[in-house]
Amino acid sequence: MQLQPFNELSRTLIDEINAHGRLRTFAKGETCMQGDDTLKHFYVILKGRMKVFDINFETGREQTWYLLTRGDMFDVVTLLDAREHDVMTEALDDLSVIELPMNKAREWLQTNPAFNQLLLPYLAAQIRSLESLSAGLSLYDTSERLMRLIIDNIDPHTQQPTLLNNLSNSEIAKMIGSVRQVVERNLKQLKKDEIIESGRKQLRVKNLDRLKSRLAKLLP
């Protein structure tokens, strides 16, 4: 079993991961890891996308915290504090992950510099992502949050927000603390202004520079 997301690590650590890890799969729409799972295991996504979210069961309102994909890790919070992390997960595609014993991941955290060189920048990126989401929910309107979401998910190779493709407008709304109708209205305006193209759950940026310029003008 070859663990592609860790190709930059030492051969020794890759061999250890392959020795201690096991492949797990989840079908699209299935609940993935839950609190008890992450107390025992640490996960690396190999294929597909998984959302990490909270829900208010009284109102049905959801907030997506992360959209994880190939090379992402879960759950870093439990890895660090050994406490159950009260969030929910769902496979947005057919999902393949490597499941590792949590005690082995903690051992690497204490003894393996190569593992830390991967984990610490990843943790910093997650913190920055949450800061950006928190600031957006508090300071910016839906139009600004939507444009920021598109820009933040641009693939540097394709210059397109490929991580957002095949997501419904309702799912996109959950990522920016809004509702489907408002997101649809803002997407229509961006489409009318020939900044994006959208349809059949596909989103394509026609003019990234213009999108960035419009967002910059709106921000304080």
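What is the order of the strands in the open sheet of four? The legends below take up this predicted model, beginning with that sheet.

**View 1. The open sheet runs β1-β7-β2-β5.** Four strands make up this sheet, and their pairing is antiparallel. Strand β1, residues 22–26, forms one edge. Strand β5, residues 73–74, forms the other edge. Each of these two strands pairs on one side only. In the order of the sheet, β7 and β2 stand between β1 and β5.

**View 2. Strands β2 and β7 are joined by six bridges.** Strand β2 covers residues 41–47. Strand β7 covers residues 95–101. The two run antiparallel. Across this pair, I45 stands opposite V97 of β7.

**View 3. Helix α4 packs on the sheet.** The helix spans residues 102–111. Its contacts with the sheet include β2 and β7. The direction of α4 makes about 70 degrees with that of β7.

**View 4. S96 lies in strand β7.** Is this residue, S96, buried or exposed? S96 counts as buried, because its relative accessibility is 17% and the cut-off for buried is under 20%. Leaving aside neighbours within four places in sequence, S96 touches L23, R24 and T25. It is also in contact with V44, I45, L46 and K47. Residues 22–26 form β1, and residues 41–47 form β2. One of the S96 contacts, I45, is the residue that stands opposite V97.

**View 5. The N-terminal stretch, residues 1–7, has pLDDT below 50.** For the protein chain, the average pLDDT is 87. A score of at least 70 is reached by 94% of the residues. Over residues 1–7, the model still shows 23 contacts beyond near neighbours in sequence. Where pLDDT is low, predicted coordinates should not be read in detail.

**View 6. The whole chain holds nine helices and nine strands.** Its radius of gyration is 19 Å, close to the 17 Å that the globule rule gives for 220 residues, so the chain is as compact as a globular protein of that length. The C-alpha trace spans about 55 × 40 × 35 Å along its principal axes. Of the 220 residues, 45% count as buried. Among contacts with a separation of 6 or more, 69% link residues 24 or more positions apart. The chain exposes about 12,000 Å². Carbon and sulfur atoms supply 48% of that area.

Terms used
Residues numbered from 1 in each chain as written. Predicted model: local features only at pLDDT ≥ 70, side-chain atom pairs only at ≥ 80, totals over all residues. Heavy atoms only, no water. pLDDT = per-residue confidence, 0-100. Contact = heavy atoms within 4.5 Å. Pairing = 2+ DSSP bridges. Axes fitted to C-alpha atoms, helices over the stretch in contact; angles between N-to-C directions. Buried < 20%, exposed > 50% of the residue type's maximum accessible area, 1.4 Å probe, protein only. Rg over C-alpha atoms; globule rule 2.2 N^0.38 Å. Areas by Shrake-Rupley, 256 points an atom, 1.4 Å probe, with all protein chains shown as cover.
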